[in-house]
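Hello,

Here is the structure I promised to pass on to you. Please open it beside this message, and then read on for what turned up in it.

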Amino acid sequence: MNAAKLTKKYMMLIVLILLIVFFSIFGENFLSVENAITVCRQVSIIGICATGMMFALLTAHIDLSIGATVSFAAVFWAKLISTNEGIMMNPYLAMLVVLFFCVIIGTANGLLVVKTNMPALIATMATSTVLEGVNYLITDAKPISKIDESIYWIGQSYVGKIPMPVIVFGVIVIVAGVILGFTYIGRYIYATGSNSEAARLAGLNTDMVNVAAYIVSACLCDDAGFVLCSRLRSGTATTGTQYQSKALTSGVVGGISMRGGEGNIYNLLVGVFVIGVLSNGLTIIGVNDYWQSVAQGIILAFAVGTDYYSRTHVKTTLRTAKS
């Protein structure tokens with residue numbers, strides 16, 4: 001592998017290292033153990049959502065309902081276990097109920113895409129709009145608080161010095177890595193994303209693979225909603241709004257191609273920590289949230305533009321060589 005290919009493959013890892021070096025020099029206590037733990041805790045929920053987004057991206061689709069689904073899982077669970085709401089369901093039974101509805105959400109997204117040939121962008125945006133309305137109906141536009149204290153450990157406890165959300169994210173990363181790297185399911189996902197028509201002609205049920213990818217995405221949003229609700233001790237209709245763009249940015253920055261079939265869990269982790277380190281470092285050196293959003297938007301545009309340009313350039317080069 002020549003230097004150019006190595007640089008392209010590890011470009012975002014190099015960027016991550018440079019960010020760490022920069023903020024270590026200009027940010028006080030950036031390299032402390034406490035701040036490292038803080039960064040890991042901050043990226044855990046983003047990472048869970050980004051893992052779900054990765055499954056959709058690998059099949060050459062996108063899931064813009066992630067933020068609304070996270071909010072739905074958080075507020076619906078809070079509604080079921082709040083001591084104020086009169087339901088007071090067992091919190092772990094309530095988890096299964098919420099998971100069931102999230103599976104329905106993922107299935108609806110998948111079927112809208114594969115059965116109507118609707119662009120995934122529009123299909124998942126429609127689902128997101130519906131869920132936003134449902135979330136406000138559930139909450140009556142007010143925070144749902146006084147939830148069962150027995151579930152606080154999910155978002156607030158530690159194992160040694162490691163926050164529980166980080167452990168949840170770690171388990172999800174390991175499981176996703178095994179599925180994508182070592183199982184037939186992973187091979188089917190990559191095949192569908194790389195060339196859906198070729199995969200279909202080879203006998204693969206690509207519609208089922210696409211629906212399954214959206215179900216996985218919705219279920220991971222469900223997990224993120226549980227962690228977020230127990231961490232904040234409440235649920236609001238806008239709880240997960242910010243995670244949609246950050247999940248997409250993390251995936252694409254890490255090298256998960258929006259054209260499908262390219263990327264892995266290592267790429268995702270690099271992307272998640274690029275966004276996490278950037279946000280944390282900018283906060284430490286005193287840059288406000290608005291400029292952080294500007295920086296993340298620029299990074300997203302650069303990453304997507306680079307992906308599309310490189311693929312288009314390769315195709316042009318191949319056509320020129322053949323002619």
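**Salt bridges and their surroundings**

Glu-197 counts as partly exposed, with a relative accessibility of 42%. Please keep in mind from the start that this is a predicted model.

The partner of Glu-197 is a good place to go next. The side chains of Glu-197 and Arg-200 form a salt bridge, with 2.5 Å from N to O. Arg-200 is partly exposed as well, at 43% relative accessibility. Both residues belong to helix α10 (residues 196–201), where they sit three residues apart, about one turn of the helix. As general background, side chains of opposite charge can pair when their charged atoms come close.

How many salt bridges does the structure hold? There are three. Another one joins the side chains of Lys-115 and Asp-207, at 3.9 Å from N to O. Lys-115 is in helix α5 (residues 91–116) and Asp-207 is in helix α11 (residues 206–232), so this pair ties together parts that are 92 residues apart in sequence. Lys-115 is exposed, with a relative accessible area of 59%, whereas Asp-207 is partly exposed, with 29%. The salt bridge still to mention is between the side chains of Lys-142 and Asp-140, again with 3.9 Å from N to O. Both Lys-142 and Asp-140 are exposed.

**The second largest pocket**

Next, have a look at the second largest pocket, which has a volume of about 430 Å³. It is lined by 19 residues, and the closest to its centre are Ile-46, Gln-242, Lys-246, Ser-279 and Gln-292. Which helices supply at least two residues each to this lining? They are α3 (33–58), α11, α12 (243–253), α13 (265–284) and α14 (289–322). The largest share, five residues, comes from α13. By type, the lining divides into six nonpolar, 10 polar and three charged residues.

Gln-296 is worth a visit too, and you will find this residue in helix α14. Is Gln-296 buried or exposed? With a relative accessibility of 12%, Gln-296 counts as buried, because the cut-off for buried is under 20%. Leaving aside residues up to four places away in sequence, Gln-296 touches Lys-246, Thr-249, Ile-275, Leu-278 and Ser-279. Two of these names may look familiar: Lys-246 and Ser-279 are also among the residues closest to the centre of the second largest pocket.

**The nonpolar core**

Moving on to the core, the largest nonpolar core has 83 residues. Within this core, the residues with the most contacts are Cys-49, Met-54, Trp-77 and Val-98. Helix α3 gives the most to the core, with 13 residues. If you centre your view on Cys-49, you can look for its contacts with Ile-66, Val-70, Ala-224, Tyr-243 and Ala-247, a list that does not count residues up to four places away in sequence.

Ala-56 is another residue to find in helix α3. Ala-56 is buried, with a relative accessible area of 0%. Which residues does Ala-56 touch, not counting those up to four places away in sequence? They are His-61, Ile-62, Asp-63, Ala-213 and Tyr-214. To get a feeling for distances in the model, you could also compare the positions of Ala-56 and Val-159: these residues are 103 apart along the chain, and their C-alpha atoms are separated by 32 Å.

**Two loop residues with a positive phi**

Finally, two places in the backbone deserve a look. Ala-60 has a positive phi of about 70°, although this residue is not a glycine. Ala-60 lies in the loop between α3 and α4 (66–81), and at 33% relative accessibility this alanine counts as partly exposed. Asn-117 also has a positive phi without being a glycine, with a value near 60°. Where is Asn-117 placed? Asn-117 is in the loop between α5 and α6 (120–139). At 67% relative accessibility, Asn-117 counts as exposed, since exposed stands for over 50%.

I hope this makes a friendly start with the model. Enjoy looking around!

Best wishes

Terms used
Residues are numbered from 1 along each chain as its sequence is written. This is a predicted model: local features need pLDDT of at least 70, side-chain atom pairs count only at pLDDT 80 or more; totals for chains, interfaces and linings use all residues. Side-chain values use heavy atoms; hydrogens and water are left out. A salt bridge is a side-chain nitrogen of Lys or Arg within 4 Å of a carboxyl oxygen of Asp or Glu. Helices (H or I, at least four residues) and strands (E, at least two) are DSSP runs, numbered from the N terminus. Buried means under 20% relative accessible area, exposed over 50%, partly exposed in between (1.4 Å probe, protein chains only). On a 1 Å grid over the protein atoms alone, a cavity is a set of points where a 1.4 Å probe fits but cannot get out, and a pocket is an open set with protein on both sides within 12 Å along at least five of seven lines; lining residues have an atom within 4 Å of a point. Grid points are joined across faces, edges and corners, and a volume is the space filled by probe spheres set on the points. Ala, Val, Leu, Ile, Met, Phe, Trp, Tyr, Cys and Pro count as nonpolar, Asp, Glu, Lys and Arg as charged, and the others, Gly among them, as polar. A nonpolar core is a set of buried Ala, Val, Leu, Ile, Met, Phe, Trp, Tyr and Cys residues joined through side-chain atoms within 4.5 Å. Contact means heavy atoms within 4.5 Å.
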